[in-house]
Amino acid sequence: MASQPEERLRRSPIERATKWLVSGPPFVFLMFFFVAPSIIMVVASFRYPGEFGGLAPIHAADPNTLQGFTLETYRFFFSDILYSQILFKSFLVALFTTLICLALAYPLALLIARSPKKSRDLMVLLVVLPFASSFLIRVYAWMILLGPQAALSQAINGLLGAFGIAPVSLLFSPFAVLIAMVYVHLPFMVLPLYTNLEKHDPNLLDAAQDLGANTWHRFWKVTFPLSLPGILSGSALVFIPVLGMFAIPDILGGTRDMLIGNLIKEQFLATRDWPFGSTLSIMLTLVVLLVVWIAAKLGSTKGRYA
Amino acid sequence: MLKLSAFTEAEQGGAGRRGLMLWLAALAVYAFLYLPLLIVIAYSFNDSRLNAEWAGFTWRWYDVLLHDDDMLLAAANSLFIALVSSSIATLLGTMAGMAMQRYGMRVLTFMVLTPVAMPEILLGVSLLLFFIQVLNLTLGMLSIILAHITFSIGFVAVIVRARLAGMDDSIFEAARDLGATPWQTFRHITFPLILPGVIAGWLMAFTLSIDDFVITFFTAGVGVSTLPLRIYSMIKIAVTPEVNAVSTILMLLTLVMILLATRFAPDALKGKA
Amino acid sequence: MKKFGHRDHRENRAYRHNRCLLGVLFGLWFVSVAAQAADELHLYNWNNYISASTIARFEQQCRCKVEQDYYSDNEEMLAKLAAGATGYDIIVPTGNAVESLIRQHALRPLDKSKLPHLKNINPAYLDTPFDRGNKFSVPYAYTLTLLGYNVQKMQALGLPTDTWAVIFEPRYLEKIKGRVTVLDSQRELMAAALRYLGYSANDTDEAHWKQARDLIIRAKPYWAAFNASSYIKELAVGNIWLVHGYSNDIFQANLDAQRAGRKFTIAASIPKEGAVLALDSMVLHKSGPRPDLALQFIDFMLDGKNSAELTNLIGSGNPNQEALRYVQPEIAANPAVFPDAAQMKRLEMLRDLDRMQRRVLSRMWTEIKLR
């Protein structure tokens, strides 16, 4: 759409100067505070741990001190299947959370998309509002709800007690972790789904009905495939944050609920083994990249339907 | 032969058994979303140290909150950090959003969006490493502010870019044809048009900063505490309904912010994805 | 069509006004920070480890202000210091953390001439392996990590309360499944397991560690949670019946239970296989701006009356002989707070580990959490 005069203007020195002036400051800032730290982290994973924590020096005057680079942390990571298991467990938790979020979010998004225009914005807002509060508050809410003296626990344990089964703790359990994960991330699934569903052309369903499809068929063969891009965005918005979560298992988790996020946090703050913490972070990043790649692949093949 | 709506009544969510089920399912999800928060708010008025049985209405915990110096200091810190970081992030994010929309710039787009897309812990941890190892910076107010700016830029940029994308390019062409310099174009045309997006971005960045936990957790150091950090340590150490009280107030604050943001840029939240 | 010029003008004013406000706020903050450099003592201490009235009295005496920051375990404190936290005059680390700080050359040596009340300390707590000759540290208080339990429930179930077996052996745990919590601390839990197995809590033999790890994993299904602090409430409420915890926390739980009118009491006991003694000492961090005030504070806390306040408040052990005169008799008679000589022999202080040992321990802890 660029006309000839525009092309000339675009290449003009003023335009170029403006381009660098406008993109420069954010670029420099992010170089400093995003790209550089990431590089530092990659480098750190190849160093030794400091004697009292942190990192060992790259060059030290005293030849006796640990210094320089090493593959030791990666060897340590692979030396025990334990760490890969934690990564896998985190992957599974993220997967379950995403699926449950999808199951809960879809009806809601569908309803909002099909509602009259006037109420739609309000309904979307109502979905977003809980997201507005600090997520710690939302986690804390579940601490209350699942506590041993709250109604839910009393009811369930009362029921179990009637059958002579020992009381179970809802809190500090995988159940608590999962439900809190779903709760915290649900709005992230609703919004992209809704954005997608809203754009569906009613005529397609019209045509399907004319061809004799019933409600279920119309949903499964028309609506669902068209909504796949929305499902993918929503899933990515849920899956990736859940992978790195540590606060929820930390607060609501029991004796077995350690995820990769908890492990990374522990390396940096308790064990003070920064090289290993960095290695774990790199591994987490690789898993995230894998997920993004899978999502991109799924996204492009399904594009055929649209 | 146009039907008023291609959706059958059932699909519309109106009468009919399937429609009813959809309605009920949706309502259940809404209830699921709100019930826990309502309980937090309700128990902030509970006249009992435990978040269990209801023992009577009281303002006691709000009173405790108002006299809790550590909490007030944390609140002041949170507000200050949010103000500074969201303002700077809005400035940088607006610039980034404009650059992304006008010039493409894949590298910048990647750098702007990735901090938003990746798990927060990775950003927190890498910033911790960077501040300590490279900058030798004592963790405190400055490190938190820098960290908050880093993840907020992306949100502002996306909102501003969406706003720009929705605008008709012909205005800019017309301005240039009339001989306006880029600065004049910006000041008189672009800026007023994107201003609602900028304000919405500022409000989003402010909200994110006030509520941030993970990144602040790693970059806070010792002397500085923010509200989420205080809440976290209270949850871990000694839970009293004071936590409910501060949660309620925090929820009100972010509620106001979000409502304002949607007033200025109603598509901001949807365009984000 | 809007008149851009007019709207632009209004917008600009609003923008400038906001920037002005920001500048004012910045200025205020700056001024407040500068003002803080006055007569202040910066204390970095455990949560809930000093009485407010003690602080108030010191502030009166020194005519200064005491700024406090808190931590809830040694690791957190060491990590924050390693991350560059500066400006603390006094820190109150536990023995192994003191050891680490000394080796890092992070502490100022003490000028004993300014500490006339040092003679109040019980010699049993001086000249410890982590600070020979007390060059850098002075004992503040101590806690024991031991068993806390609901007296009535344990009696009713016929369970022993003087051995670690009750939290490690399934034959006992079966009766209290889901009613037991242990500390969420790598060192503390491993120490209890090692002592139960008959080894020293400071044993670094990896084979012994593996035995301890297996012991813990076997008992884990019966435990409700790994819980550092909120278990106090659960004990006091009656949901949890047995804990592996700190003596002062258990003391507090009993107080809470009595105040709430519960029909049970909470007691603590030192298991016969031995337990960990955590001696917390006051040290001067080299980055502290006011070592003079810090020494004043240390001497103040070495005075018997001041030292006793903490003991009376939270039931922490007190290495100060003078303080015993001011401690409430019930607390002074409590063996979990003031162990006698025979029990002292069974207590051990934890030593610091080197980086490779820390890494191995971390892996074991991860296994414990995962399996």
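This is a short dialogue on reading salt bridges and positive phi angles in a predicted model.

Biologist: I have the model open. What lets side chains of opposite charge pair?

Modeller: Side chains of opposite charge can pair when their charged atoms come close. In this predicted model, a salt bridge calls for a side-chain nitrogen of Lys or Arg within 4 Å of a carboxyl oxygen of Asp or Glu.

Biologist: How many salt bridges does that rule give over all chains?

Modeller: The count is 24 over all chains.

Biologist: Let's take one that crosses between chains. Which residue forms a salt bridge with A:Arg272?

Modeller: The partner is C:Glu75, and the closest N and O atoms are 3.1 Å apart. On the chain A side, A:Arg272 sits in the loop between α13 (260-269) and α14 (274-302). On the other side, C:Glu75 belongs to helix α3 (residues 74-82) of chain C.

Biologist: Is A:Arg272 buried or exposed?

Modeller: Buried means under 20% relative accessible area, so A:Arg272, at 2%, counts as buried. Its partner C:Glu75, at 22%, counts as partly exposed.

Biologist: Now a pair within chain C, please. Where do C:Arg57 and C:Glu309 lie?

Modeller: These two side chains meet in a salt bridge of 2.9 Å, N to O. C:Arg57 is in helix α2 (residues 52-62) and C:Glu309 in helix α13 (residues 304-314), so the pair ties together parts of chain C that are 252 residues apart in sequence. C:Arg57 is partly exposed at 27% relative accessibility, while C:Glu309 is buried at 19%.

Biologist: Which residues are joined into one network by salt bridges that share partners?

Modeller: That network holds A:Glu72, A:Asp273 and C:Arg359. For another pair, look at C:Asp292 and C:Arg290, whose side chains meet in a salt bridge at 3.0 Å, N to O. There, C:Asp292 is partly exposed, with a relative accessible area of 45%.

Biologist: Let's turn to the backbone. What sign of phi do most residues other than glycine have?

Modeller: Most residues other than glycine have a negative phi. A positive value in such a residue therefore goes against what most of them have. Here A:Arg272 comes up again, with phi near 60°.

Biologist: What is phi of C:Arg63 near?

Modeller: It is near 55°, a positive value in a residue other than glycine. You will find C:Arg63 in the loop between α2 and β2 (65-71) of chain C.

Biologist: Is C:Arg63 buried or exposed?

Modeller: C:Arg63 counts as exposed, at 71% relative accessibility, whereas A:Arg272 is buried at 2%.

How values were computed. Residues numbered from 1 in each chain as written. Chains lettered and ligands numbered in written order. Predicted model: local features only at pLDDT ≥ 70, side-chain atom pairs only at ≥ 80, totals over all residues. Heavy atoms only, no water. Helix = DSSP H or I, 4+ residues; strand = E, 2+ residues; numbered from the N terminus. Buried < 20%, exposed > 50% of the residue type's maximum accessible area, 1.4 Å probe, protein only.
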